[in-house]
Amino acid sequence: MGLENLNDKQLEAVKATEGPVLVLAGAGSGKTRVLTTRIAYLIKEKKVSPDSILAITFTNKAAKEMKERVIDIMGHTAKNIQISTFHSFGLLILKENYEKLGYKRNFTILDSDDSLTIIKKIIKELNYDPKIYNPNAIKSAISSSKNELINAENYERFVNSDFSDIVHKVYLKYEKKLLSSNCVDFDDLLTAPVTLFRNYPEILKEYQERYKYILIDEYQDTNEAQYVLTKLVSAKYKNICVVGDVDQTIFSWRGANYRNILNFEKDFPNANLILLEENYRSTQNILNAANDVIKNNKLRKDKILWTNNDSGLKIEYHRSYDEKDEAFYVASEIKKLIESGTEKKQIAVLYRTNAQSRAIEEAMLKENIPYKIVGTVNFYNRKEIKDLIAYLKLIFNEYDDVSLSRIINVPKRGIGLKTVENIIRKANDKSISMYDAIDSGKELEFKKLIMELKKESESLSLTELVEKVLEKTGIRQELLNEKTIEAELRIENLEEFKTIAKNSEEEMGVISLEDFLNNITLVSDVQEYKNYDDVVTLLTIHSSKGLEFENVFIIGMEEGVFPHKNSYSNMEELEEERRLCYVAITRAKKSLWFVNARRRTLYGIESCNPPSRFISEINDEYINSNISDINSLKVNIDSLVDENQEYQFGEKITHETFGLGIIVEMDKSVLTIAFPHPHGIKKILKGHKSIRKV
DNA sequence: CGGCAATGTGTTTTT
DNA sequence: CACATTGCCG
């Protein structure tokens with residue numbers, strides 16, 4: 001079972017099966033090993049039934065990996081364990097209780113693009129100018145509210161400005177639209193189960209009985225909805241084991257609240273607290289660098305990771321001329337590694353923003369280095385693929401007005417804006433779906449096509465259905481007629497989609513249209529299906545969380561890029577950047593590179609950025625550099641702050657982005673300021689340029 | 001209705 | 001810079 005390889009603390013975490021357990025696990029301290037062994041221990045030693053166990057992870061990648069590891073230990077009994085993301089778990093609950101929440105059996109999940117489309121339409125309907133009221137801002141306000149379990153009606157209490165008033169109105173209409181389209185959005189997958197459990201205690205009871213043992217990974221990244229959901233389901237047996245590391249909170253912008261982990265012992269009195277501080281992953285030098293960076297955060301508890309590993313190589317810091325040069329340097333270093341026998345899958349290039357991947361990708365292509373990009377511009381976001389999916393969604397859920405609007409004229413059928421508007425008006429008047437509202441004209445032809453495909457979908461396999469759609473709708477024919485290279489590429493993508501369908505069918509035996517659609521919406525990572533053996537990995541730091549590589553390159557180590565300039569005005573966001581840096585550094589096992597560029601063209605403008613402050617936070621003795629004097633390049637962070645500014649409790653200030661706020665707490669260097677919704681409470685360095693007295 | 005050109009806009013991270 | 005939206009014309 002692997003108990004023999006665990007240290008005392010890890011063993012304690014595995015064996016403390018009864019009652020609440022909080023495991024504070026530093027980076028690389030073997031927390032995944034603890035979780036997987038704990039699951040095996042529950043089943044083998046404690047004779048717990050596999051389907052009484054619920055294990056929640058934060059990403060699909062982590063869920064997949066955990067499942068594989070458990071299967072490695074236990075074999076196929078492990079297949080019945082519910083190991084998934086919060087969102088997939090929410091979907092499971094929803095599927096078992098859709099009617100109580102007002103949905104029909106064939107509800108579908110909207111992706112975030114679809115949500116935005118709906119919101120744009122609503123803004124138009126309400127006659128607001130989308131230039132003044134940014135649809136994306138409204139969308140994220142609605143999404144944050146949902147994740148804080150504030151529903152559209154309750155949002156009224158937070159209305160205190162023009163903007164929030166409009167958010168409220170859009171939010172109400174948006175919810176109505178989702179329900180009538182028989183659709184849920186991502187956030188509903190978390191909030192709907194909470195609503196269900198609050199309204200139906202007897203249903204909650206069933207789930208409490210079903211999942212007697214609960215494990216939650218990355219607990220510091222849970223938001224309010226996830227937190228409440230966890231608490232509800234675990235309330236009866238309280239056999240809940242949460243694992244996390246406050247220093248690795250990197251999803252605050254999505255509502256993650258690291259206080260959930262700090263409050264765990266309050267929420268579950270007499271919780272067993274276990275600290276894992278020994279790092280097994282990295283060399284001493286890498287770990288020292290990580291510790292040096294993270295200790296600059298003011299809002300944290302002291303914790304020093306240690307390791308028995310050798311001190312290892314110094315961090316290699318390379319400053320390049322520009323981003324092309326940077327990419328070329330990385331590629332040539334990777335080449336050297338590969339030539340000296342390093343496995344490509346032990347090499348990763350990490351960056352702060354997806355946009356940075358392009359230069360690296362070009363260099364990799366030029367140098368002929370096999371690579372994969374994790375979670376880049378989504379395969380499923382390509383137009384032709386979205387169209388195909390919209391057909392499948394509509395075939396499955398005819399109430400889905402979003403999908404219908406998308407494809408009613410794809411390929412061109414001569415159904416224009418006017419016609420569509422008429423259908424919408426009719427549907428609204430009669431309170432029916434657009435699909436049901438269609439009864440004449442060219443649009444009836446379209447409806448008949450969907451009806452026909454719907455009928456066929458009952459008897460065809462998934463792959464056959466996809467083929468039928470490509471053929472009968474004319475999607476493929478239209479592209480064939482184009483006879484351009486672009487169109488050819490699109491056809492290739494459609495064929496690739498068919499392959500994905502086929503593969504998942506083969507993998508799972510049979511897969512229903514429903515499961516397939518849900519899967520591709522929730523698991524947006526197409527590369528899971530592709531067969532990559534030994535290639536270099538390119539990915540954002542965010543998606544690198546939980547992974548490890550022998551050799552890691554962190555590129556764009558510049559002020560403005562990393563830390564990202566949007567985080568400058570707010571101390572909490574800057575500290576999140578620093579945690580992000582901590583995560584990035586601790587991905588490396590053996591060797592680590594910091595790379596940056598003297599000048600960089602991003603979004604069409606060239607800028608010259610000083611090296612990242614994070615580099616200067618690390619003691620020079622851990623760094624090897626092509627620059628003679630690293631210190632001469634250190635940024636003067638103090639220049640951003642006017643230390644002499646004094647404030648008083650209760651004093652009003654204005655912030656350049658959050659507006660008027662009141663100081664509700666202060667200490668030597670940090671102000672806690674309350675801003676109006678949706679900003680809420682922020683911590684800001686005393687005397688920071690972004691705030692002014694009023 | 002469909003296609004094209006001009007204009008404008010927003011660019012952090014993910015389920 | 002890349003893309004999305006708008007406006008104009010056939």
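Biologist: Which residues are closest to DNA strand B, and how many surround that strand?
Modeller: The closest are Arg 352, Asn 354, Lys 412, Gly 416 and Tyr 603. In total, 26 residues surround DNA strand B. A residue counts as near if one of its heavy atoms lies within 4 Å of the strand. This is a predicted model: local features need pLDDT of at least 70, side-chain atom pairs count only at pLDDT 80 or more, and totals for chains, interfaces and linings use all residues. Residues are numbered from 1 along each chain as its sequence is written, chains are lettered from A and ligands numbered from 1 in the order in which they are written, and side-chain values use heavy atoms, with hydrogens and water left out.

Biologist: How much of that is sugar and phosphate?
Modeller: Sugar and phosphate make up 63% of the atoms of DNA strand B that come within 4 Å of the protein.

Biologist: Which side chains get to a base oxygen of strand B?
Modeller: His 87 has a side-chain N or O atom 3.4 Å from a base oxygen of DNA strand B. For His 542, a polar side-chain atom is 3.3 Å from a base oxygen. Both are polar contacts, meaning a pair of N or O atoms within 3.5 Å; within protein, one must be able to donate a hydrogen and the other to accept it, and residues adjacent in sequence count only if both atoms are side-chain atoms.

Biologist: And which side chain sits by a phosphate oxygen of strand B?
Modeller: Asn 566 does, with an N or O atom of its side chain 3.3 Å from that oxygen. Two elements give two or more residues to this surface: α18 (417-430) and α25 (541-544). The largest share, three residues, comes from α18. Helices here are DSSP runs of H or I with at least four residues, strands are runs of E with at least two, and both are numbered from the N terminus.

Biologist: How do the residues near strand B divide by type?
Modeller: Six are nonpolar, 14 polar and six charged. Ala, Val, Leu, Ile, Met, Phe, Trp, Tyr, Cys and Pro count as nonpolar; Asp, Glu, Lys and Arg are charged; the others, Gly among them, are polar.

Biologist: Now strand C. Which residues are around it?
Modeller: Lys 120, Arg 358, Tyr 603 and Gly 604. A polar side-chain atom of Lys 120 lies 2.8 Å from a phosphate oxygen of DNA strand C. For Arg 358, a side-chain N or O atom is 3.4 Å from a phosphate oxygen.

Biologist: Switching topic. What order do the strands take in the open sheet of seven?
Modeller: The order is β11-β12-β10-β13-β14-β9-β17, with parallel pairing. Two strands pair if DSSP finds at least two bridges between them. At the edges stand β11 (371-373) and β17 (623-625). Each has a single partner strand, so one side of each has no neighbour in the sheet. The twist averages 20° from one strand to the next.

Biologist: How many bridges join β11 to β12?
Modeller: Three, and the two strands run parallel. Tyr 371 stands opposite Val 536 in β12.

Biologist: Which strands does helix α13 lie across?
Modeller: Helix α13 (residues 284-294) lies across β9 (315-320) and β14 (588-597), at about 55° to β14. Axes are lines fitted to C-alpha atoms, for helices over the stretch in contact, and angles run from 0 to 180 degrees between N-to-C directions. Helix α26 (residues 571-585) also packs on the sheet, touching β10 (347-351), β13 (549-554) and β14. Its direction makes about 130° with that of β14. Contact means heavy atoms within 4.5 Å.

Biologist: What about strand β1, mostly covered or mostly open?
Modeller: Mostly covered: four of the five residues in β1 (21-25) are buried. Buried means under 20% relative accessible area, exposed over 50%, partly exposed in between, with a 1.4 Å probe and protein chains only. Five bridges join β1 to β8 (272-276), in parallel. Four join β1 to β7 (240-244), also in parallel.

Biologist: Last one. Is Ser 612 buried or exposed?
Modeller: Ser 612 counts as buried because its relative accessibility is 2%. Ser 612 is in the loop between β16 (605-608) and α27 (613-616). A polar side-chain atom of Ser 612 is 2.9 Å from the backbone oxygen of Phe 562.
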